[in-house]
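Open the model in your viewer and keep the selection panel at hand. The stops below say what to pick next and what is there.

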Amino acid sequence: MNQFEYELAPNVENAVASGRSNGAVFLAGGTNLIDLMKGNLVRPTRLVDINRLPGLDRIEFLPDGGVRIGALVRNSDLAHDPKFARDFPAVAEALLSGASPQLRNAATVAGNVMQRTRCPYFYDAASACNKREPGAGCEARGGHSRLQAILGWSAHCIATHPSDFSVPLVAFDAVVEIDGPQGRRDVALEDFYLLPGNTPERETILAPGELIVAIRLPAQAALFAGHARYLKIRDRTSYAFAVVSAAAGLRIEGDRIVEARLALGGVALKPWRARAAEACLMGRRAGREEFAEASMLALQEARPSGENEFKIELARRLVVRAFERTAIDNTARLSPLPASIVNLTEEIQR
Amino acid sequence: MNARVIASGVHQSAIHDSAARHVQGSALYIDDMKEPEGLLHGWVILSDRAHARILMLDLSSVEAAEGVVCVMTARDIPGLNDAGPIMKGEVLLADQIVEHEGQAIAIIAARSFAQARDAAKLVRVTYEDLPAYLTIEAALQAERFVVAPLHMQRGDAARAIAEAPHCLSGETSAGGQDHFYLETQIAVATPQENGEMHIFSSTQHPTEVQHIAARLLARPYAAITVEVRRMGGAFGGKESHASLIAGMAALLAARCGEPVKLRLSRDVDMLLTGKRHDTLARFSVGFDDAGRILGLDMMIALRAGHVADLSGPVLTRALCHVDNVYWLPNVKVSGYACKTNTVSNTAFRGFGGPQGMFAIEAVIVRIAERLGLSSEAVRQINHYGPGQDTTPYGQSIGENNTPRLLEELKTAADIARRRGEIAQFNASHPYIKKALVTYAVKFGISFNLPSLNQAGALLHVYTDGSVHLNHGGTEMGQGLYVKVAQIVASCFQIEREHVHISSTRTDKIPNTSATAASSGSDINGMAAKAAADIIKSRMAAIAAAKFGGAADDVVFSGGYVYLGNRSISFPDLAQLCWAERVSLSATGYYRTPDIHFDQASMTGSPFYYFSYGACATEAAIDILTGENRILRVDIIHDTGASLNPAVDIGQIEGGFVQGQGWMTMEELVWDQAGRLRTHAPSTYKIPTSRDVPPIFNTHLLADAPNAKPTIFRSKAIGEPPFTLAISCFLAIQEAVAAAAGWPAALTLCAPATPEAILRALGGGKEGSAFCEQKAAKKLF
Ligand SMILES: Cc1cc2nc3c(=O)[nH]c(=O)nc-3n(C[C@H](O)[C@H](O)[C@H](O)COP(=O)(O)OP(=O)(O)OC[C@H]3O[C@@H](n4cnc5c(N)ncnc54)[C@H](O)[C@@H]3O)c2cc1C
Ligand code: SF4
């Protein structure tokens with residue numbers, strides 16, 4: 001490992017000031033960052049430990065029905081908070097579908113949103129990767145690319161964003177609260193992530209020194225509490241990143257859908273909000289044909305970036321499945337939540 | 001006489017001798033050991049081409065890098081650059097030509113691990129690419145083999161097929177598998193005085209590490225001592241390939257005159273060392289209206305990789321297991337070990353047996369499909385039975401436990417009721433399909449090569465009655481040490497806590513075989529018993545003299561030694577022996593009787609006996625996502641009179657789940673340039689605890705002592721249960737059939753990953769919804 005300085009930041013102001021310096025990174029749970037450092041894939045010169053920042057480890061339920069999640073809230077604490085799981089079930093499901101219990105106990109919500117891609121070439125120091133070294137080339141192209149992007153990729157990078165948590169957050173309009181050298185700002189999570197374009201090394205809109213202090217879900221998100229799911233397809237039952245995943249929400253009045261939400265994971269370098277699919281469901285019945293139509297719209301622009309054409313059809317099927325499962329009133333299921341979601345056992349017990 | 005018996009001998013469920021220390025972290029693996037002063041860290045520079053000539057190898061920057069103490073290439077090897085376990089000329093370090101990506105071209109030692117690793121990146125190599133043969137198919141076409149093709153034959157298969165009422169041809173394939181032992185390959189070599197070398201090696205085969213290190217260093221065997229206390233898993237991956245790592249460490253240590261540790265990272269481990277052979281099988285079969293196989297002509301091709309290593313014996317065992325539990329009256333099986341420009345494949349639990357057993361099941365399901373019968377019925381009608389009980393290589397199968405196992409399984413797994421439920425479920429569920437299969441296995445026990453079936457043990461009884469136990473078998477977590485300790489405890493009739501287990505060392509037991517072929521407790525247990533019997537007879541003579549009687553009448557029981565109504569405690573007798581100047585130390589030796597095999601004609605009785613098992617496996621697939629789950633597994637396994645039921649059940653469960661990984665999710669992917677793209681857990685998926693079947697019942701066949709006089713009438717356990725997991729594939733295949741019909745299901749190959757399942761559901765057709773089918777291949 002390379003030499004680096006370590007600093008325990010006492011407050012946000014100091015953290016931001018230290019975070020500005022060249023080569024500085026914030027250390028939260030460390031479950032992603034330390035791995036990357038051990039592999040010599042990132043070489044920070046200064047670690048600014050934010051674990052002791054006061055007040056950032058709280059879940060605040062806002063008077064209007066929304067929720068403000070402090071950046072340092074641990075993934076398991078959030079998923080297991082009874083009120084949070086009841087109001088935002090798809091988000092809790094997404095959290096519990098990720099990593100392992102030990103990792104979730106250590107991982108913070110901001111760290112989760114900020115985690116780096118799991119592209120195997122990014123992780124292999126011997127491979128060329130534009131994200132690690134701009135201009136070096138991208139070995140994933142023409143390589144083993146079954147898990148790579150089908151939406152929003154560029155010739156420079158075809159990686160996907162690995163976070164499960166971020167997928168329902170994008171579906172339900174989460175906002176990132178940022179503190180930085182220029183002061184505070186709020187940015188919709190959907191706009192927080194950058195697509196690769198010509199600069200795959202730039203992943204978010206964060207400027208040097210900018211720190212996520214909280215993530216907010218608006219009150220509207222809780223209106224989907226009765227009909228919201230996160231479904232994840234992966235290569236084995238647990239401990240695997242999504243091949244594709246979907247966060248879906250429906251508001252149903254009578255036999256009509258009055259509002260739909262859909263975001264896809266594992267398909268692009270950010271969670272992919274499918275607004276055309278959402279729009280087409282407005283005022284329609286919650287039926288398979290309608291969902292199939294929405295699924296076609298959701299993947300309209302998809303194209304394979306390698307040997308991953310199958311993901312397009314798989315994602316369509318998942319969208320239909322997610323909406324079908326979402327349409328079933330799921331309040332009865334909420335406590336305790338199953339950890340693994342596209343769970344055949346659950347399907348079989350239906 | 002006192003009726004006391006010991007409580008911790010054989011047939012008891014004793015916990016693993018290191019279980020508590022495993023949990024506490026105080027069971028030391030090589031990397032946990034205190035590092036000797038001046039220890040250097042080794043690292044390997046790998047080729048990044050599949051097949052190329054090295055035009056220029058520039059190591060100057062590596063040599064100049066901080067902390068680097070020495071860099072060695074093929075030319076710096078003092079002895080022979082040869083790490084071949086059987087064949088000659090399998091180089092340790094590539095010399096001018098590289099034959100696979102990930103082949104070692106140079107080794108370095110540096111002051112720290114990071115320095116060694118970083119320095120390796122500074123190498124500059126210029127290659128001239130040579131044509132690379134990457135697939136079984138390519139090697140078959142070019143007739144590139146690492147050993148001469150093998151042919152096993154009985155009767156006239158061609159004629160039987162031609163005259164049979166029905167015949168068909170088919171093809172199947174199964175992928176390879178990485179061992180994925182938790183402890184990656186490691187060795188620490190420490191130079192001793194007078195040119196001698198001590199090596200801690202994580203190896204299943206200390207003697208072979210000794211031999212290869214001696215060959216590389218141009219030293220006599222006696223100058224090299226290899227020691228292993230335990231491995232963090234091995235599964236065959238540390239049978240021949242551990243000597244590569246130990247050999248490199250020894251070379252560096254000899255050159256530098258300092259101890260050297262070489263521990264591979266997971267990526268390098270997966271690139272540099274071999275895996276289970278992937279398999280392609282093609283066949284023609286003739287059968288009658290009931291599905292009885294009358295003639296079978298089969299070709300089995302294994303991907304051997306760049307050198308032979310153990311591929312010859314692996315292929316032999318594959319051929320010897322094509323029959324599994326089925327009677328094949330007229331049969332011809334040809335085996336090809338294909339030379340490819342990929343890493344040399346090696347031993348892996350089952351050693352080719354699973355590949356052969358997998359192949360015959362493709363024959364069974366195709367017959368069932370053709371005749372419109374259930375695969376169950378076709379399996380059943382082809383089982384070995386009275387008068388139809390010799391294998392294609394001419395060995396009588398002896399006691400046949402298959403019928404009993406399958407009968408007991410019917411009730412244990414509640415099969416009739418569940419089949420009804422599954423049919424109902426499949427009729428009603430729109431996109432989940434289930435299937436339940438029953439499956440029986442037979443596995444031959446003994447090394448195919450008779451000379452390997454020998455073992456030694458060394459026992460000392462001390463004057464306080466405690467016993468020091470050593471034998472040639474190695475501990476890889478499988479519980480061999482505790483089983484042999486139980487055997488010694490039973491022999492002396494002292495509690496096992498008095499038997500002290502010690503690490504396996506070539507200077508205590510020489511000329512050993514690998515701990516492999518499931519033979520560990522069979523042969524080492526017998527050797528330990530032989531040593532105990534020698535010491536016991538000496539002790540009995542002293543007891544007889546003391547009490548006045550015949551040594552033959554002396555009885556060891558419950559910590560005491562009896563003659564008539566007189567007795568003496570075991571420690572007191574040990575003390576007395578010393579006083580009477582009688583040796584309390586002995587070596588024991590065992591060789592398996594009654595086995596022979598003629599490699600030229602591929603006939604003989606290579607196996608001392610067979611192990612049997614049966615299982616009922618229920619799988620479900622999601623026809624829209626391709627996901628699969630193994631929902632319930634019931635196993636009844638034949639362990640003879642089990643030496644340690646708890647350890648045996650652990651082996652059965654672990655072996656099954658490992659096989660489940662092979663059949664359902666573990667997939668090795670090479671790109672077109674021959675580079676392995678799945679060399680880390682990020683891309684290579686092994687089963688996790690959540691993939692273990694939620695209902696998993698394992699029973700040992702009761703009251704079934706081995707008909708052969710094995711150690712306390714037990715049976716070997718390491719490999720046979722692995723093969724039961726072929727049932728996972730069969731159940732998934734039946735579920736695909738339930739959804740899309742048998743013709744579609746027959747296109748499924750292993751591993752049955754979600755993508756493979758979707759492809760099969762689409763009939764495996766070109767342009768089917770998900771994946772392109774591999775180019776359609778012509779048969780034969
Ligand atoms: C084996 C394994 C399996 C996994 N499986 C999954 C999975 O299935 N699904 C899934 O979603 N995730 C998975 N993960 C990833 C896991 O969720 C992340 O590692 C974790 O959420 C990161 O959180 P952390 O607090 O440890 O972040 P750290 O590792 O501390 O930091 C990660 C990054 O975020 C930055 N950062 C942290 N906090 C802030 C902040 N407040 N403001 C600005 N930047 C910040 C850091 O500088 C760093 O770049 C897995 C991880 C592992 C190791
Ligand atoms: S896909 Fe992106 S992350 Fe992966 S190698 Fe290419 S540039 Fe790097």
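Start with chain B and its contact map. Among contacts in chain B with a separation of 6 or more, 79% are between residues 24 or more positions apart. Keep in mind throughout that this is a predicted model.

**Stop 1: chain B as a whole**

Show chain B as a cartoon. The secondary structure has 21 helices and 29 strands. The radius of gyration of chain B is 27 Å, close to the 28 Å that the globule rule gives for 780 residues, so chain B is as compact as a globular protein of that length. Along the principal axes, the C-alpha atoms of chain B fill a box of roughly 80 × 75 × 45 Å. Colour by burial next: 61% of the 780 residues in chain B count as buried.

**Stop 2: an enclosed helix in chain B**

Select residues 311–319 of chain B, which is helix H9. How many of the nine residues of this helix are buried? Nine of the nine are, so H9(B) is largely enclosed by the rest of the structure. Step along the helix. The buried residues are Ser311(B), Gly312(B), Pro313(B), Val314(B), Leu315(B), Thr316(B), Arg317(B), Ala318(B) and Leu319(B). Arg317(B), then, is one of the buried residues.

Now bring up what covers them. The cover of the buried residues in H9(B) includes strands S7 (150–154), S14 (293–305) and S15 (330–339) of chain B. Helix H10 (353–371) of chain B is also part of that cover.

**Stop 3: a three-stranded sheet in chain B**

Which strand order does the open sheet of three strands in chain B follow? The order is S4-S2-S6, and the pairing is antiparallel. Strand S4 (97–98) and strand S6 (124–129) of chain B are the edges, each pairing on one side only. Zoom in on S2(B), residues 52–58: two bridges join this strand to S4(B), and the two run antiparallel. To see a bridge pair, select Arg53(B) and its partner in S4(B), Ile97(B).

**Stop 4: chain A as a whole**

Hide chain B and show chain A. Here the secondary structure comes to 14 helices and twelve strands. The radius of gyration of chain A is 20 Å, close to the 20 Å that the globule rule gives for 350 residues, so chain A is as compact as a globular protein of that length. Its C-alpha atoms fill a box of roughly 60 × 50 × 35 Å along the principal axes. Buried residues make up 52% of the 350 in chain A. In the contact map, residues 24 or more positions apart account for 66% of the chain A contacts with a separation of 6 or more.

**Stop 5: a parallel sheet in chain A**

Pick strands S1, S3 and S2 of chain A. In that order they form an open sheet with parallel pairing. S1 (5–8) and S2 of chain A are the edge strands, each pairing on one side only. From one strand to the next, the twist averages 25 degrees. Four bridges join S2(A) to strand S3 (residues 46–49) of chain A, and the two run parallel. Label Leu27(A): Asp49(A) in S3(A) stands opposite.

**Stop 6: ligand 1**

Centre the view on ligand 1. Of the 30 residues around it, Gly29(A), Gly98(A), Gly111(A), Asn112(A) and Met114(A) come nearest. Several elements of chain A each supply at least two residues of this shell: S2 (24–27), H2 (33–38), H6 (101–106), H7 (109–114) and S8 (211–217). Which element gives the most? H7(A) does, with four residues. By class, the shell divides into 18 nonpolar, ten polar and two charged residues.

**Stop 7: ligand 2**

Move to ligand 2, with 14 residues around it. Cys119(A), Tyr121(A), Cys129(A), Cys138(A) and Cys157(A) come nearest. The shell around ligand 2 has ten nonpolar, two polar and two charged residues.

**Stop 8: where the chains meet**

Bring chain B back. In this last view, 25 residues of chain A are in contact with 27 residues of chain B. On the chain A side, helix H13 (310–327) and helix H14 (344–349) are the elements that give two or more residues. H13(A) has the largest share, six residues. By class, the chain A side has twelve nonpolar, six polar and seven charged residues.

Terms used:
Residues numbered from 1 in each chain as written. Chains lettered and ligands numbered in written order. Predicted model: local features only at pLDDT ≥ 70, side-chain atom pairs only at ≥ 80, totals over all residues. Contact = placed C-beta atoms within 7 Å. Nonpolar A, V, L, I, M, F, W, Y, C, P; charged D, E, K, R; others polar. Pairing = 2+ DSSP bridges. Near = placed C-beta within 6 Å. Rg over C-alpha atoms; globule rule 2.2 N^0.38 Å. Buried ≥ 20, exposed ≤ 12 C-beta atoms within 10 Å, placed from the backbone. Axes fitted to C-alpha atoms, helices over the stretch in contact; angles between N-to-C directions.
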